[in-house]
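Hi,

Here is the structure I promised to pass on. Have a look at it first, and my notes follow underneath.

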Amino acid sequence: QVQLVESGGGLVQAGGSLRLSCAASGRTFSGYGMGWFRQAPGKEREFVGRISWISGSTYHEDSVKGRFTISRDNAKNTMYLQMNSLKPEDTAVYYCAANQKSPYEYDLWGQGTQVTVSS
C-alpha cells in the first residue's frame with residue numbers, strides 16, 4: 001500500500017524560498033498524478049497545482065503561478081513543490097495528494113507540512 005510523506009516545511013522570511021517533497025513509499029507509484037493543496041488557519045483547503053505522473057505536464061493556480069513550480073522524479077517516487085518569492089499569505093499547512101485510481105479524484109493524502117512565512 002502506498003503512503004505519501006511530505007517534508008521540507010519550515011519558517012522562512014518573505015521573499016525566501018522553500019522546497020517541499022512528497023515521497024510515495026510502500027511500492028512504486030503508478031497512478032495518474034499528484035497534486036499540492038494548502039490550508040491556512042480558518043480558511044478552506046485550496047488547490048495549488050498538479051502534475052501528470054506519465055507526461056510530467058503541470059498546472060499551477062494563478063495565485064502561485066510564476067512563483068511555485070511542481071516537478072517530479074519518477075525514479076525516486078517523489079513530487080516536489082519549489083516555492084520562491086514567498087509571501088506571508090502563503091502561510092499554510094501544505095498537503096500532497098495522489099490520483100491513484102482516477103484522474104478526477106485524489107484518493108490518497110499525506111499528513112501535511114507546515115509552511116510559515118514571516119513578514
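Let me start with N77, which counts as buried because its relative accessible area is 10% (buried means under 20%, exposed over 50% and partly exposed in between, with a 1.4 Å probe and protein chains only). N77 sits in the loop between β7 and β8 (strands are DSSP runs of E with at least two residues, numbered from the N terminus). It is not a glycine, yet N77 has a positive phi of about 55°. For background, most residues other than glycine have a negative phi. S85 is another non-glycine with a positive phi, in this case about 50°. You will find S85 in the loop between β8 and β9, and it counts as partly exposed because its relative accessibility is 42%.

Before you read on, a word about the source: this is a predicted model, in which local features need pLDDT of at least 70 and side-chain atom pairs count only at pLDDT 80 or more, while totals for chains, interfaces and linings use all residues. Residues are numbered from 1 along each chain as its sequence is written, and side-chain values use heavy atoms, with hydrogens and water left out.

Now for the core. The largest nonpolar core holds 27 residues (such a core is a set of buried Ala, Val, Leu, Ile, Met, Phe, Trp, Tyr and Cys residues joined through side-chain atoms within 4.5 Å). Those with the most contacts inside it are L4, M34, W36, M79, L81, M83 and Y94. Two or more residues each come from β3 (18-25), β4 (33-39), β5 (46-52), β7 (68-73), β8 (78-83), β9 (92-99) and β11 (113-118). In soluble globular proteins, nonpolar side chains tend to be buried together. If you click on M79, look for what it touches beyond four places in sequence: among them are L20, C22, M34, W36, I51, I70 and C96 (contact means heavy atoms within 4.5 Å).

R38 is worth a look too. It belongs to strand β4 and counts as buried because its relative accessibility is 6%. Which side chains does the side chain of R38 make a polar contact with? One is the side chain of D90, at 2.9 Å, and another is that of Y94, at 2.9 Å (a polar contact is a pair of N or O atoms within 3.5 Å; within protein, one must be able to donate a hydrogen and the other to accept it, and residues adjacent in sequence count only if both atoms are side-chain atoms). Leaving aside neighbours within four places in sequence, R38 is also in contact with residues including E44, E46, V48, F68 and V93. R38 and T91 are 53 residues apart in sequence, but their C-alpha atoms are 8.7 Å apart in space.

H60 is in strand β6 and is buried, because its relative accessible area is 13%. A polar atom of the H60 side chain lies 2.9 Å from the backbone nitrogen of I70. Past four places in sequence, H60 touches V48, G49, K65, F68, T69 and I70.

At the start of the chain, Q1 is in the segment before β1 (3-7). Q1 counts as exposed because its relative accessibility is 79%. Outside its neighbours within four places in sequence, Q1 is in contact with S25, G26 and R27. Q1 and S25 are 24 residues apart in sequence and 8.2 Å apart in space, C-alpha to C-alpha.

That's what I have for you; shout if anything is unclear.

Definitions and conventions
Helix = DSSP H or I, 4+ residues; strand = E, 2+ residues; numbered from the N terminus.
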